[in-house]
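User: Could you take a close look at a single part of this model, one strand and its surroundings, and then set it beside a helix from elsewhere in the chain? I would like one connected account.

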Amino acid sequence: MELRVLQYFLAVAKEQNISAAAQSLHLTQPTLSRQLRELEEELGKQLMVRGSRKITLTEEGMLLRKRAEEILELVDRTEKEVMRSIDAVSGDIYIGTGETDGVRQIARTANQLQERCPGVRFHIVSGDAVDVCERLDKGLLDFGVLLGDIDKTKYHYMELPMRDVWGVLMRRDSPLAAQDAVSPRDLWDKPLILSRQMDNKSGLYRWLRKEPAELQTVATYNLIYNASLMVDEGMGYAFTLDKLVNTRGSDLCFRPLRPRLELGMYLVWKKSQIFSKAAELFLNGLQEHLAVDQGDGEG
């Protein structure tokens, strides 16, 4: 399977039309059609349904589209790294992370590295732990920031000193807003808005001392901004981490959990990872900054 043919396939998937794709690729329509037929023959699968006006991908075609995008993205990154000048540190660093205030330390280190090496660019990819680990495993990320338990047998990791505190986002006119903290019993009969990552093994369910079926879950989310809108509209109480929603001057407020529930934070990377010079400098810089911060704290 040639990269060139994957590019042709993606162009057709994007345009949903052979003629339009051929024009964008500066190919003749018969040439492009022949390349696609040969690709289907090579894979032994029908990748698209050719309608009179529109091309529709089959299930196998949609899978190939996703994988082709990942392959070409990785090829592009590899070419840039290989062609980079050895005299000046430059290049791209890709970091996947969930929503956490701990990204501040990552951003601080990134800013300091860019002051020394203006040619280094950072790409922050937001996602939950499943998304981040999937992209790490495929080589599309250099680092991931993961919260809570991690697979220490699968990744190299560095434990970060920052801790995220769980709590509940609610309207200021809600009954629980008068309290300085929220207990499990307070929430047993309340409409809850939960992260999509919560499952039976989640620490939040253990904290609540209830099975999922015993709770009134009205919605799930993967971006806290969307959850904050649901809370603002009166749908319920959203479990979230502290400092993610600026409640100052708004109709919302955040109350921590009692007993307190925290999440540890880790910077992780693949055990087989070969770092670019830029990524290596970033990791060293982060380790140095954290060591200085811990030394200041002890003093």
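Analyst: A residue is called buried here when its relative accessible area is under 20%, and exposed when that area is over 50%. The model is a predicted one, and the part to look at closely is strand S9, residues 237-241, which is mostly covered, five of its five residues being buried.

In a regular strand the side chains alternate between the two faces of the sheet. In S9 both faces are covered, with Tyr237, Phe239 and Leu241 buried on one side and Ala238 and Thr240 buried on the other.

The pairing of S9 involves two further strands. Strand S6, residues 155-171, pairs with S9 in the antiparallel sense over four bridges, and within S9 it is Phe239 that stands opposite Val168. Strand S7, residues 191-195, runs parallel to S9 and is joined to it by two bridges; here Ala238 of S9 is the bridge partner of Ile193.

Helix H3, residues 29-43, offers a case in which burial is arranged by face. At 1.5 Å a residue, its 15 residues should span 21 Å, and the end C-alpha atoms are indeed 21 Å apart, so expectation and model agree. The buried residues of H3 are Leu32, Ser33, Gln35, Leu36, Leu39 and Glu40. Seen down the helix axis, these buried residues fall within an arc of 160 degrees, and therefore they line one face of H3. An α-helix has 3.6 residues a turn, so residues three or four places apart point the same way. The face of H3 turned away from the buried side carries the exposed residues Pro30, Glu41 and Glu42. After H3 comes Gly44, whose phi is positive, near 70 degrees.

Two charged residues in other helices complete the account. Glu70 is found in helix H4, residues 59-83, and counts as buried because its relative accessibility is 15%, which falls under the 20% cut-off. Leaving aside its neighbours within four places in sequence, Glu70 is in contact with Lys138 and Leu140. Arg104, by contrast, lies in helix H5, residues 103-116, and is exposed, since its relative accessible area is 56%. Arg104 and Gly144 are 40 residues apart in sequence, and their C-alpha atoms are 14 Å apart in space.

Conventions
Residues numbered from 1 in each chain as written. Predicted model: local features only at pLDDT ≥ 70, side-chain atom pairs only at ≥ 80, totals over all residues. Heavy atoms only, no water. Expected span 1.5 Å × (residues − 1). Buried < 20%, exposed > 50% of the residue type's maximum accessible area, 1.4 Å probe, protein only. Arc of directions from axis to C-beta. Pairing = 2+ DSSP bridges. Contact = heavy atoms within 4.5 Å.
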